[in-house]
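Thanks for coming. I will take this one from confidence to folds to contacts, and keep it brief.

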Amino acid sequence: MSSRRIFARPARFAAIAPYVWMVLFFLVPFAFVLKISLSQTAIAQPPYEPVFDLTAGWDALKAAFAALSVDNFKLLVSDDIYVFAYVRSLTVALTATSLLLLIGYPIAYGMARLPQRWQAVAMVLVIVPFWTSFLIRIYAWINILQHDGLLNQVLLALHLVSQPVVWLSTDTAMYIGIVYSYLPFMILPLYATLAKMEPALEEAAADLGAPPWQVFWLVTFPLSLPGVGAGVLLCFIPIVGEFVIPDLLAGSNALMIGQTLWLEFFTNKDWPVASAAAIVLLVVLLVPLLLYERLQKRQLERGR
Amino acid sequence: MRKVSRLSRFNIASLALGLAFLYLPILILVLYSFNASRLVTVWGGWSLRWYHEFFNDRAMIEAAWMSLRVAVASATIATLLGTLAAVALSRGERFRGRTLFSGMLYAPLVMPEVITGLSLLLLFVALNAERGFWTVTIAHTTLTMCFVAVVVQSRLGSLDRSLEEAAMDLGCDPVRAFVAVTLPLIAPAIVAGWMLAFTLSLDDLVIASFTTGPGSATLPIRIYSEVRLGVKPEINAICTLVIALIAVVIVIASLASKLSSSQGESAAPL
């Protein structure tokens, strides 16, 4: 036991370098986002004011502080564009996460019921696409969904449609892209809980006369809830801020907040509004983020 | 006794459909990269013409080179920092600021990339740093070290700690015990962490777009601007090359982990 405590001291020193790094490049940048979200746009470099200048003396600093305002946040709340963007982001994330759960659950369930050595193979097969580039996977779907793409060719050849269907720049294409990209994130946590489950529990329920759907609904599903929670959060949170998929696959008439932020930043060069939008996005995601963090920590620290 | 059938027809069907859904689009993409026809949808026979086109595309090659350099540099720094973080979290017991530390490590895993990218850019602008290779590398390191930390930490958590304790009872100091006993055992996880960091960096579009400067686009940034203009066969060829590179990386990673795990078995049955 004492050797465990002796080991702990140098292990704590290991925290110093990553700690300093994360404070510098994760925590401090948020202070900048917060500060700039309270500033005004300016035609200057950098394109906002006031700029804190520590060398200018105390009075200049005080004046700079006084110039900060919450105008950008007022704009975000009052302008329909932003309100719609937040509402759309949440709706898209909610719909996509539900679809992911519906599609991912049967796959994870099938994996968990495979013979032991096939389970490892299936897991690798699910993980491998996650290693290939996000952008490439979206591009692959553009290939398939475009006007004279493979999907339309197949549909036409089977005489299911008489004219090519417009797939690109629709919400359908976007949902296909999101489900395709995030499916491994949903399957893996689900599989992890389903594989650990005691098969005897399901068998007992069946022995006592429960039909299969009841076995599933009353035994399997409730026991898999931790996995459902992890999978749902792991998908929902990044989808809310998603930029690439809606930008390439959905139409441009309804933007998600990630796209709005990007537009404000790169096209309109309005850094303060983009920063304010990021802060609001973070606040919206705070509850799911904290939930996810607690889940992760509990899982990792259970092994200790 | 009525047994619940272990593998129903429904299970098999959902598995098969799921895997087909995951793999078909990528297979189609690879297949069409060898298509001789300029029309993406018409099969014109086998050809390597789009690969030629890519190797003659200076801007693309430069972007690919930039991406590779960033990926190697950021993955290496991230593996170092991430492993240290994992060791501190799983062996450091309680220490001051531990909650903040683990919070900072888990948050970037799910944080929307637009926020991470924006906040880092604002920092770099405030510091008046010249944007390019190093700013993208720092940004990618910040993101990927969190993934490395999680991978290594879960391996450390599953290790039998009595091995370290035995080494120290036999007279090793903690650092020596770590290097001689723990490090070889977590080596596969460290290798896997590096590979993960490498591919994540190679893959990233959003954070790189925010943190890079003019004239130093990464490969995803170039691909993205081309894709916005429409489908081009050359992009299929580039994507296929990236997929091939990542496949090689995965194979090396799994071989390395197999090798070191079989060594680990002979040294200590785990």
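What is the mean pLDDT of chain A, and what percentage of its residues reach 70 or more? The mean for chain A is 84, and 91% of its residues get to 70 or more. Keep in mind throughout that this is a predicted model.

Confidence varies along chain A. Of its elements, helix 5 of chain A, residues 80–112, has the highest mean pLDDT, at 93. The lowest mean belongs to helix 3 of chain A, residues 58–67, at 69.

Chain B also has a mean pLDDT of 84, with 91% of its residues at 70 or more. Residues 264–270 of chain B are where pLDDT drops below 50. That stretch has six contacts in the model beyond near neighbours in sequence. Where pLDDT is low, the predicted coordinates should not be read in detail.

Next, the fold of chain B. Chain B has eleven helices and zero strands, so to speak an α-only string when its elements are listed from the N terminus. Along the principal axes, the C-alpha atoms of chain B fill a box of roughly 70 × 70 × 35 Å.

Chain B is split into two domains: domain 1 covers 8–47 and domain 2 covers 57–267. Taken over C-alpha atoms, the centres of domain 1 and domain 2 of chain B are separated by 30 Å.

How many residues of each domain of chain B are in contact with the other? Eight residues of domain 1 of chain B touch seven residues of domain 2 of chain B. About 640 Å² is buried between these two domains of chain B, and carbon and sulfur atoms give 75% of that area. By class, the domain 1 side of this contact in chain B has five nonpolar, two polar and one charged residues. Between the two domains of chain B there are zero salt bridges, and one residue pair is in polar contact, with both residues at pLDDT 80 or more.

Now the interface between the chains. Here 106 residues of chain B and 98 residues of chain A take part in the contact. The area buried between chain B and chain A is about 9,400 Å², with carbon and sulfur atoms giving 76%.

Which side chains form the salt bridge between chain B and chain A? They are B:Arg228 and A:Asp247, at 3.7 Å from N to O. One salt bridge is what the rule finds across this interface. There are also ten residue pairs in polar contact between chain B and chain A, both residues of each pair at pLDDT 80 or more.

On the chain B side of the interface, helix 1 of chain B, residues 9–33, contributes the largest share, with 14 residues. Sorted by class, the side of chain B that touches chain A has 70 nonpolar, 21 polar and 15 charged residues.

Last, the salt bridges as a whole. Over all chains, a search of the whole structure finds six of them. One of these lies within chain A, where A:Arg88 pairs with A:Asp171 and the closest N and O atoms are 3.2 Å apart. This pair links distant parts of chain A: A:Arg88 sits in helix 5 of chain A and A:Asp171 in helix 9 of chain A, residues 171–196, with their positions 83 residues apart in the numbering. Helix 5 of chain A is also the element with the highest mean pLDDT in that chain.

That is everything from me.

Key
Residues are numbered from 1 along each chain as its sequence is written. Chains are lettered from A and ligands numbered from 1 in the order in which they are written. Side-chain values use heavy atoms; hydrogens and water are left out. Domain bounds come from an automatic or database domain assignment. Contact means heavy atoms within 4.5 Å. Buried area is the accessible area (1.4 Å probe) that two parts lose on being put together, summed over both. A salt bridge is a side-chain nitrogen of Lys or Arg within 4 Å of a carboxyl oxygen of Asp or Glu. A polar contact is a pair of N or O atoms within 3.5 Å; within protein, one must be able to donate a hydrogen and the other to accept it, and residues adjacent in sequence count only if both atoms are side-chain atoms. Ala, Val, Leu, Ile, Met, Phe, Trp, Tyr, Cys and Pro count as nonpolar, Asp, Glu, Lys and Arg as charged, and the others, Gly among them, as polar. pLDDT is the predictor's confidence in each residue, from 0 to 100. Helices (H or I, at least four residues) and strands (E, at least two) are DSSP runs, numbered from the N terminus.
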